[in-house]
Every structure is written in structure tokens, then in C-alpha cells.
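Hello,

Here is the structure we spoke about, sequence included. My notes on it follow below.

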Amino acid sequence: MGDVLVVGGGILGLATAREAVRAGHRVTVLEKEARWAAHQTGHNSNVVHAGLYYAPGSVKARMSVAGNRSIAEYAREHGVPFDQCGKLVVATVDSELPALHELARRARANDVPARLITQAEAREHEPEVACVAALRVESTGIIDFPAVCAAMVAELTEAGADLRLSTPVLGIRPGRGGGVEVATGSEVLRGTALVNCAGLHSDRVARLAGVVPRARIVPFRGEYYELRPERTGLVRGLIYPVPDATLPFLGVHLTRMLDGSVHAGPNAVLALKREGYRWRDASPRDLAETATFPGTWALARRYAYPTGLDEVLRSLSRKRFAASLAKLVPAVGEDDIVRAGSGVRAQALLPDGSLVQDFLIETAPNQVHVLNAPSPAATCALEIGKHIAAQL
């Protein structure tokens with residue numbers, strides 16, 4: 001087996017490195033930040049998804065169902081906090097019932113344990129919820145994804161992997177005798193294969209390697225609130241709305257975390273920087289790349305009004321954010337929520353403005369590039385790692 005260079009120290013990079021080591025490869029992981037799981041993995045809602053949202057037969061559907069089982073098993077084996085609490089997807093008006101029934105159909109097709117329940121049955125799970133009907137999904141859970149990464153780092157360290165923090169990748173070229181060479185600024189590393197799990201910068205890493213990706217990463221920020229401690233009793237578990245099937249986002253929802261706090265969100269607004277966790281975080285380079293990409297303008301024409309405008313207004317107004325939550329739990333008011341950080345989603349966008357809905361992995365000689373792996377990628381991390389390691 002050869003030397004595999006993995007770019008990216010989030011959950012996908014570490015899971016891929018773990019599988020490569022298990023297959024007998026020597027592995028080096030390169031992470032530009034000073035800690036593991038610094039971006040998408042460390043800023044998500046920590047939900048282990050069940051797999052009901054995704055088109056039957058899609059890679060997302062297959063990997064989500066398998067990943068739901070494998071990540072839960074990994075948590076139990078390694079002492080990672082995990083609670084398979086289940087969730088409710090609620091139709092708050094009659095017009096949402098057809099979409100709710102379609103979710104139930106997808107759940108059956110994907111072999112996800114879920115059942116349609118009445119309003120009264122929904123209130124047995126969530127006494128404060130407002131709905132006309134709901135879908136009860138039993139296999140959804142809450143986990144600590146950064147803790148999963150810490151467990152993987154411990155495994156990799158014990159196995160002798162070379163784990164490098166604060167090591168950005170600045171250049172990639174074919175190796176003189178085959179394989180690939182990676183420049184980090186302080187040295188040139190040589191390997192038989194490169195795996196790009198760079199998340200928000202995955203398309204840039206691909207271009208460094210001489211690959212012209214089909215899609216461009218466009219960052220979307222998801223902002224969270226949380227219920228004040230004295231109001232967390234309004235939510236027992238996870239409450240989700242019926243999502244817009246044309247978008248990859250699941251809508252603002254309520255999630256009880258492992259520590260008992262209740263997070264609310266996220267919304268979805270265009271970020272002004274690939275790692276822009278606040279409105280004031282802006283990058284001229286990132287803005288220029290987004291603004292000059294034809295897909296951005298095609299997407300804007302399709303969704304700027306009213307969807308995009310509503311998301312921006314909700315981002316700027318706590319009152320509007322609370323009103324969205326009140327559709328699910330009417331007792332939630334503006335004074336019940338406080339800001340609680342945000343995350344940035346690396347969304348792949350095609351030149352025609354289409355959002356890439358499924359995972360997107362491209363290959364080149366001695367290279368594998370993960371170019372679209374947003375939610376539920378953390379749930380699927382072990383399965384994606386196995387898939388990439390098999391390609392190696």
C-alpha cells in the first residue's frame with residue numbers, strides 16, 4: 001500500500017484517513033487550522049440524520065441510512081455522547097400534508113423507521129407543538145461530532161498516522177516518479193494518492209491539483225438562536241418543519257442538545273466569506289469568486305424573491321426568527337431566544353444555478369476530490385470514508 005495525503009481535518013478527512021489506515025495505507029492528514037473539526041464539523045447542529053429526505057436510490061439516501069447505524073455504533077464503542085431521541089416533522093397547515101406524505105413515502109422507500117401520526121399523537125411527544133399531522137422518525141439522534149473527531153484522532157495517532165495541524169496546502173503537482181507532491185510552505189510531501197476533503201475550500205484545492213471541478217463552492221451561513229434556560233421545557237426533542245423540496249436546506253427547526261439546551265435554526269443566507277460566521281466577516285477574494293460565477297446570478301434570479309429576502313430579513317430580525325419558530329411551537333416568543341453562533345455550509349453550485357443536491361466526488365489520476373458533502377455528510381462520514389478508501 002502507498003502513502004495517502006489527506007487534505008482537511010474535519011470529520012470526512014479523519015474518517016477517510018481512518019479507513020485508509022485500516023486498509024493498510026500510510027496516511028498523512030494536513031489541516032490548515034490549529035485544531036481538528038474547526039469549521040463545518042464543529043459548527044453544525046450535531047444531528048444524526050435518518051435519511052428520509054433524500055431521493056430513493058440516491059447516494060445520500062443509501063449513505064444516510066447506513067451512516068445512521070455506523071455512526072451510532074461508533075459512538076457506543078468509543079464512549080462518544082449520543083442520544084437516539086427521534087424527531088417530529090410537522091405539517092402546520094393542511095397545504096403541507098401532501099409534502100409530509102411524500103416524506104413518509106421516501107422514508108418507506110429508504111427503509112427509514114418512520115410513521116405518520118395525528119395531532120394528538122404528536123402532542124404526546126411534544127406537548128407544545130402546533131400541527132395538523134406529523135411524521136415520527138425514530139432513528140434520528142443527537143451526537144457530539146467534534147468528540148467523534150477526537151476519537152478518530154486518537155485512533156489514527158495510535159495507528160501511526162502523521163497528523164499535522166497548522167499545515168495549509170499551497171501547491172499540488174504530479175510526482176516525478178508518479179503519485180503526487182504537495183507543497184505546504186515549509187516542505188514538499190510526496191504520496192501515491194491525494195484525497196481532498198477540504199470542505200469550504202475543496203474546489204480551490206481541486207484547482208491547485210489541476211482539476212477543473214464541475215461545481216463552485218458558494219458559502220451559505222446558517223445562524224442559530226437558543227431558548228433561554230427557563231424556556232427549554234417547551235421542547236423535549238427535535239421538531240422540524242416540512243422542508244421546501246426544491247432547496248437542500250431543512251428550514252428553521254428546534255433541537256434539544258445533549259446538554260439540555262435547545263437550539264433554534266439555522267436560517268440560510270449567502271456568506272460574504274467562505275469562513276464568514278458573521279455579517280461583518282467579508283473577503284474580497286471570496287466575494288469576487290462568488291460574484292463572477294454565472295451560477296450565482298442564475299441562483300439569485302430563481303430564489304432571491306421571496307425566499308432569499310425572507311432569509312435575510314430573518315437574519316436581521318430576532319422578531320421574525322421567533323415568529324418562524326412560533327409556527328412550530330406557538331409558546332416561543334421574541335424574548336425567549338438569544339443568539340447562539342452560526343455555521344457555514346459549503347454548497348456546490350453548477351454554472352446554470354442548480355444547487356448540487358447529492359454528494360459530488362470527482363477523481364483524477366492518483367486523486368480523489370470530495371466537492372460537495374454538506375449535511376448529512378457528518379452522519380455519513382464513516383460510509384463516505386469507506387467509499388473513498390475503496391477508490392484508493
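**Glu-275 and its surroundings**

The side chains of Glu-275 and Lys-32 make a polar contact at 2.9 Å. Please bear in mind throughout that this is a predicted model. Glu-275 sits in the loop that runs between β18 (269-270) and α7 (284-291). Is Glu-275 buried or exposed? Its relative accessible area is 17%, and because the cut-off for buried is under 20%, Glu-275 counts as buried. Leaving out neighbours within four places in sequence, Glu-275 is in contact with Lys-32, Glu-33, His-39, Leu-200, His-201, Asp-281 and Val-344.

**The six-stranded sheet**

An open sheet is formed by 6 strands, and their order is β9-β2-β1-β13-β21-β20. The pairing in this sheet is mixed. β9 (162-164) and β20 (360-364) are at the edges; each has a single partner strand, so one side of each has no neighbour in the sheet. On average, and with direction ignored, neighbouring strands of the sheet are turned by 15° against each other.

Going through the pairs from the β9 edge, β9 and β2 run parallel and are joined by 3 bridges. Within that pair, Leu-30 has Arg-164 in β9 as its bridge partner. β2 also pairs with strand β1 (residues 3-7), in the parallel sense and over 5 bridges. There, Val-4 stands opposite Val-27 in β2. The connection between these two strands is made by helix α1 (residues 11-22), and β1, α1 and β2 together make a right-handed β-α-β unit.

How many residues of strand β2 (residues 26-30) are buried? The count is 4 of the 5, so β2 is largely enclosed by the rest of the structure.

Further along the sheet, strand β13 (residues 193-196) and strand β21 (residues 367-372) run parallel, with 3 bridges between them. Asn-196 stands opposite His-369 in β21.

**Helix α5**

Helix α5 covers residues 145-159. Its 15 residues, at 1.5 Å a residue, should span 21 Å, and the C-alpha atoms at its ends are 21 Å apart, which agrees. Which residues of α5 are buried? They are Phe-145, Val-148, Cys-149, Ala-151, Met-152, Val-153 and Leu-156. An α-helix has 3.6 residues a turn, so residues three or four places apart point the same way. The cover over the buried residues of α5 includes α1, β3 (47-48), α2 (59-78), β8 (141-143), β9 and α10 (381-391). Two of the elements named above for the sheet region, α1 and β9, are thus part of that cover. Just after the helix, Gly-160 takes a positive phi of about 90°.

**Two hairpins in succession**

Strand β10 (residues 171-174) and strand β11 (residues 180-183) run antiparallel and are joined by 4 bridges. The bridge partner of Pro-174 in β11 is Val-180. These strands form a hairpin with 5 residues between them, and Gly-178 in the turn has a positive phi of about 105°.

β11 pairs again, with strand β12 (residues 188-191), in the antiparallel sense over 4 bridges. Here Glu-181 has Arg-190 in β12 as its bridge partner. The hairpin of β11 and β12 has 4 residues between the strands, and Gly-185 takes a positive phi near 105° in it.

**Two further positions**

Gly-57 is placed in the loop between β3 and α2. Its relative accessible area is 51%, and Gly-57 is exposed. Not counting residues up to four places away in sequence, Gly-57 touches Arg-62 and Asn-110. Gly-57 and Ala-109 are 52 residues apart along the chain, and their C-alpha atoms are separated by 8.6 Å.

Leu-309 belongs to helix α8 (residues 294-316). With a relative accessible area of 38%, Leu-309 is partly exposed. Leu-309 and Arg-274 are 35 residues apart along the chain, and 21 Å separates their C-alpha atoms.

Regards

Note on methods: Residues are numbered from 1 along each chain as its sequence is written. This is a predicted model: local features need pLDDT of at least 70, side-chain atom pairs count only at pLDDT 80 or more; totals for chains, interfaces and linings use all residues. Side-chain values use heavy atoms; hydrogens and water are left out. Two strands pair if DSSP finds at least two bridges between them. Axes are lines fitted to C-alpha atoms, for helices over the stretch in contact, and angles run from 0 to 180 degrees between N-to-C directions. Buried means under 20% relative accessible area, exposed over 50%, partly exposed in between (1.4 Å probe, protein chains only). A crossover is right-handed if, with the strands pointing away from the viewer, the path from the first strand over the helix to the second runs clockwise. A polar contact is a pair of N or O atoms within 3.5 Å; within protein, one must be able to donate a hydrogen and the other to accept it, and residues adjacent in sequence count only if both atoms are side-chain atoms. Contact means heavy atoms within 4.5 Å. The expected span of a helix is 1.5 Å times one less than its number of residues.
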